[in-house]
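The following paragraphs lead the reader through one protein model, with attention to its contacts, its strands and its nonpolar interior. Please keep the sequence and the structure in view while reading.

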Amino acid sequence: MKIVVIGGSGLIGSKTVAALRQQGHEVIAASPASGINTITGEGLAEALKGAEVVIDVANSPSFEDKAVMDFFETSGRNLLSAEANAGVQHHIALSVVGTDRLQDSGYFRAKAAQEALIKQSGIPYSIIHSTQFFEFLGGIAASSAKGESIHLSPAPVQPIASDDVATAVAKVATGAPVNGTVEIAGPEKVSLAALVSRYLREVNDPRTVVSDVTAPYFGAVLNDQSLVPGADAHIAATGFEAWFAGRPVSS
């Protein structure tokens, strides 16, 4: 098949492109750097000619409320319109477990708007809800830092390795559209505060994690259900220890 991966040069996109090419598919890794821009529309029509499947794993460069909403709405409208014109048969989007439960967050409101556009488009689709990636633990710590302490919710999370996310995205992309949502998660349920504390110890970061039930997560206060998947989620194999042992040294 011809498959176009929007955000094809990013963390998940590049891994998904590699997995699909290994399976023998014709894959276009689409990004502004490659002349394909979902915000301006540049290069979209040409890239989608003959494409059967489009995978959207692009993320907003800004998490500010208005900027992130503008990104996902503009990108979504441009992409879905171009897909309709090209006769694309399956649209896959990567989103987040708990999106519908985290609407106090501008980022998650924008993801919900993206999902609504997909559902209303008339194009057969699959939305993949993933739990948080291990690779973003350092970024979560940085976003929650107050001096030498990091305030994080003790709410449970079930993090997943980016390699496992890419494998799942590639599998969904080569199957039939579900016209609904698929959840993916890692094998271990753990407190967010405890997980980040463990990560910091492993990378010899001396900062202290403070467990705080009122600490916001990208603008939303968490409860015990906010970030964990349902009973039917696909559970990937890679836990923290295996991920940490195999991660690039620069992580």
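A polar contact is a pair of N or O atoms within 3.5 Å; within protein, one of the two must be able to donate a hydrogen and the other to accept it. The model discussed here is predicted.

One such contact, of 2.9 Å, joins the side chains of Asn59 and Tyr107. Asn59 is located in the loop between β3 (53-56) and α3. When residues up to four places away in sequence are not counted, Asn59 touches Phe71 and Phe72 as well as Tyr107. Is Asn59 buried, partly exposed or exposed? Its relative accessible area is 36%, and because buried means under 20% and exposed over 50%, Asn59 counts as partly exposed. Ala220, which is 161 residues from Asn59 in sequence, lies 19 Å from Asn59 in space, C-alpha to C-alpha.

Attention now turns to a sheet. Strands of a sheet pair through backbone hydrogen bonds, either parallel or antiparallel. Here three strands form an open sheet with mixed pairing, in the order β6-β7-β11. Its edge strands, each pairing on one side only, are β6 (145-146) and β11 (208-211). Helix α7 (residues 192-202) packs on this sheet and touches β7 and β11; the direction of α7 makes about 175° with that of β11.

The pairing can be followed strand by strand. β6 and β7 (residues 149-152) run antiparallel and are joined by two bridges; Ala145 has Ile150 in β7 as its bridge partner. The hairpin of these two strands has two residues between them, and Gly147 in this hairpin takes a positive phi near 65°. On the other pairing, β7 and β11 run parallel and are joined by four bridges, with Ser211 in β11 as the bridge partner of Leu152.

Leu152 also belongs to the nonpolar interior. The largest nonpolar core has 44 residues, and Ile6, Leu137, Leu152, Val196 and Phe240 are those with the most contacts inside it. Among the elements that give two or more residues to this core are β1 (2-6), α3 (65-86), α4 (106-120), α5 (137-143), β7 and α8 (240-246). Which element gives the most to this core? It is α7, with six residues. Apart from this core lies another, of 22 residues, which include Ile3, Leu20, Val57 and Ala236.

Leu137 offers a closer view of the contacts. Leaving aside its neighbours within four places in sequence, Leu137 is in contact with Leu195, Val196, Tyr199 and Phe240.

Terms used
Residues numbered from 1 in each chain as written. Predicted model: local features only at pLDDT ≥ 70, side-chain atom pairs only at ≥ 80, totals over all residues. Heavy atoms only, no water. Pairing = 2+ DSSP bridges. Contact = heavy atoms within 4.5 Å. Axes fitted to C-alpha atoms, helices over the stretch in contact; angles between N-to-C directions. Core = buried A, V, L, I, M, F, W, Y, C linked by side-chain atoms within 4.5 Å. Buried < 20%, exposed > 50% of the residue type's maximum accessible area, 1.4 Å probe, protein only.
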